[in-house]
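Work through the exercises below with the sequence and the structure side by side, and try each task before reading its solution.

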Amino acid sequence: ETSDANLTLKYKSVEQETKFRIENISRIDRFRITAGMGAEVPFYTNNTFQKIYTINPVTVNYQTDLSFLKYSFFVSGSYTSADESFTAALSLRTDAATFSDNLSNPLEQLSPRFSLSYRFAKDMYLNAGIGRYYQLPPFTALGFKNQAGDYANKSLKYMGSDHFTLGLEYKPSANLQITLEGFYKRYFNGLSSVKDTIPVAGKGVDFGFVGNEELKSDVNGRSYGVELSTRVFVSDKFNLIGSLTLFKSEFESLKDGKWTPQSWDNRRLLTLAGNYKLPANFNIGVKYRYSGGSPYTPYDELKSSLVTAWDVRGRAYLDYNKYNSEYQPIFSQLDFRLDKDFYFEKFALKLYLDIQNITNSKYKNPDAIVSTGRIINPTAPLNQQRYEMKRIELNDGTLLPTIGITLEF
């Protein structure tokens with residue numbers, strides 16, 4: 001706010017949708033059939049002023065008022081055997097939008113899906129599923145305008161994914177359930193930046209907003225792994241829920257065709273949550289979370305130190321030639337909660353103490369790179385001048401207590 005010349009970013013957007021949906025549900029013996037349609041009219045406004053740096057500083061300034069029609073048709077059928085040892089479901093859905101020719105043909109977004117569950121032995125179930133899913137690109141991408149004032153992303157397609165799952169489930173009673181499941185997901189028509197060929201989804205983990213640039217629908221990805229989960233209930237006193245997931249999440253690089261880690265490729269996730277009901281209406285609960293480190297892209301220190309580059313955005317630039325080439329350390333956290341309930345004739349008073357990260361664990365983030373404000377070569381031409389840079393350690397993780405009071409009448 002010091003002066004108009006210092007402004008680097010001014011962004012305001014509004015997204016709203018008016019939705020209509022109608023469906024009919026029929027039951028014929030052991031079959032359940034659902035069919036219907038939906039329509040949505042989104043309204044999106046965006047007023048953006050932004051300075052960016054490529055080789056030379058560029059100013060992006062556009063205003064968007066976007067509205068179009070989205071519509072869908074769907075039909076599904078399910079069957080459950082009389083002894084509930086076999087269930088199956090089959091469905092078909094299609095989506096379309098009038099924003100562009102690439103999005104308006106509903107036959108190009110057909111989404112068949114099938115799932116089944118079969119009890120092949122006592123207390124043992126075989127579960128399987130296969131399906132295709134589509135999602136419209138975000139309004140930030142559809143509403144972006146180039147310097148000529150035209151919508152620059154008319155060529156985008158629906159983002160799609162194919163899901164395959166196969167698993168075993170052991171359920172001897174309503175109090176115990178153990179599931180082992182393998183999964184494979186194939187992604188296609190993902191969004192990439194025309195400027196640097198980097199997937200837009202991976203840019204969303206950084207500060208700011210993404211997608212307000214020229215994009216293509218040319219990113220392929222995959223995610224696969226196994227998950228072991230369990231649920232244990234002992235009357236109304238104790239319950240335990242846990243899951244362990246081992247997986248990989250990658251995309252096919254547009255530069256060399258190699259499979260590269262996605263920004264959420266933590267490789268391993270563990271969650272354990274338990275709850276125990278004590279006498280006198282006390283309740284105690286704990287949750288433990290463990291995660292492998294996320295991949296990250298290191299900073300481009302040479303580019304970030306350039307005076308002309310730093311002055312455009314006031315923060316460091318990532319080196320996309322080393323996209324997601326490094327991993328952060330593992331992270332774990334233990335949460336604790338204690339509840340106490342008081343019941344009266346006409347109301348209930350409930351108190352709780354919640355402590356997140358009770359062990360005060362610290363998570364090491366990559367060091368931040370910032371300018372000291374001192375130019376180390378002030379006599380050089382402007383486009384060659386560089387700031388002296390420094391590193392700042394970034395550690396997350398805070399012990400966070402919360403006290404709560406609830407009244408129920």
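**Exercise 1. Aromatic rings**

Which residues form one aromatic cluster together with Tyr-44? Describe also one aromatic pair elsewhere in the chain, and look for charged ends that sit over rings.

Solution. Please keep in mind throughout that this is a predicted model.

Step 1: The cluster that contains Tyr-44 is completed by Phe-68, Phe-99, Phe-139 and Tyr-151.

Step 2: One member of this cluster, Tyr-151, also has a charged neighbour, since the charged end of Lys-145 sits over the ring of Tyr-151 at 5.1 Å from its centre. A further case of this kind is found at Phe-342, where the charged end of Lys-340 lies over the ring, 4.9 Å from the centre.

Step 3: A pair of aromatic rings is described by the distance of the centres and the angle of the planes. The structure holds 19 aromatic pairs, and one of them joins Tyr-320 and Tyr-323, with 6.1 Å from centre to centre and 40 degrees between the planes. An angle under 30 degrees would count as stacked and one over 60 as edge-to-face, so an angle between these limits is called tilted, and the pair of Tyr-320 and Tyr-323 is indeed tilted.

Step 4: For the surroundings of the two rings, use the cut-off that buried means under 20% relative accessible area. Tyr-323 has 9% and is therefore buried, whereas Tyr-320 has a relative accessibility of 24% and so counts as partly exposed.

**Exercise 2. Salt bridges**

How many salt bridges does the structure hold? Choose three of them and say, for each, which residues meet and where they lie.

Solution. Side chains of opposite charge can pair when their charged atoms come close.

Step 1: The count for this structure is 16 salt bridges.

Step 2: In one of them, the side chains of Lys-70 and Glu-17 meet with 3.1 Å from N to O. This pair links distant parts of the chain, because Lys-70 belongs to strand S4 and Glu-17 to strand S1, with their positions 53 residues apart in sequence. Lys-70 is buried, with a relative accessible area of 16%, while Glu-17 is partly exposed at 35%.

Step 3: In another, Glu-301 and Arg-391 pair, and their closest N and O atoms are 2.5 Å apart. Here too distant parts of the chain are linked, with Glu-301 in helix H4 (residues 301-305) and Arg-391 in strand S20 (residues 387-396), 90 residues apart. Glu-301 counts as partly exposed, at 39% relative accessibility.

Step 4: Salt bridges may share partners, and in this way Glu-17, Lys-19, Glu-40 and Lys-70 are joined into one network.

Step 5: A third example is the salt bridge between the side chains of Lys-248 and Glu-250, with 3.3 Å from N to O. Lys-248 is partly exposed, with a relative accessible area of 28%, but Glu-250 is buried, with 6%.

**Exercise 3. Positive phi angles**

Where does Asp-29 lie, and what is its phi? Treat Glu-84 in the same manner.

Solution. Most residues other than glycine have a negative phi, and this is the background for the steps that follow.

Step 1: Asp-29 is placed in the loop between strand S1 (9-28) and strand S2 (31-53). Its phi is positive, about 55 degrees, although Asp-29 is not a glycine.

Step 2: Glu-84 lies in the loop between strand S4 (70-80) and S5, and its phi, near 60 degrees, is likewise a positive value in a residue other than glycine.

Step 3: Exposed means over 50% relative accessible area. Asp-29, at 71%, therefore counts as exposed, and Glu-84, at 56%, counts as exposed as well.

**Exercise 4. A surface patch and a tyrosine**

Which residues form a nonpolar patch on the surface, and which residues is Tyr-276 in contact with?

Solution. Take the patch before the tyrosine.

Step 1: The patch consists of Ile-28, Phe-31, Ile-33, Val-75, Leu-92, Leu-107 and Leu-110, which together have about 620 Å² of accessible area.

Step 2: Leu-92, one of these residues, lies in strand S5 (residues 86-97) and counts as partly exposed, at 38% relative accessibility.

Step 3: Tyr-276 is found in strand S13 (residues 268-278) and is partly exposed, with 39% relative accessibility. Leaving aside neighbours within four places in sequence, Tyr-276 is in contact with Lys-237, Phe-238, Phe-282, Asn-283 and Ile-284.

Step 4: From C-alpha to C-alpha, Tyr-276 and Ile-28 are 43 Å apart in space, and in sequence they are 248 residues apart.

Notes:
Residues are numbered from 1 along each chain as its sequence is written. This is a predicted model: local features need pLDDT of at least 70, side-chain atom pairs count only at pLDDT 80 or more; totals for chains, interfaces and linings use all residues. Side-chain values use heavy atoms; hydrogens and water are left out. Patches are made of residues with over 30% relative accessible area and no salt bridge: like charges are joined within 9 Å, nonpolar side chains (Val, Leu, Ile, Met, Phe, Trp, Tyr) within 5 Å. Accessible areas come from the Shrake-Rupley method with a 1.4 Å probe; for residues, only the protein chains shown count as cover. A salt bridge is a side-chain nitrogen of Lys or Arg within 4 Å of a carboxyl oxygen of Asp or Glu. Helices (H or I, at least four residues) and strands (E, at least two) are DSSP runs, numbered from the N terminus. Buried means under 20% relative accessible area, exposed over 50%, partly exposed in between (1.4 Å probe, protein chains only). Contact means heavy atoms within 4.5 Å. Rings of Phe, Tyr and Trp (its six-membered ring) pair if their centres lie within 6.5 Å; planes under 30 degrees apart count as stacked, over 60 as edge-to-face and the rest as tilted. A charge sits over a ring if NZ of Lys or CZ of Arg is within 6 Å of the ring centre and within 35 degrees of the ring normal.
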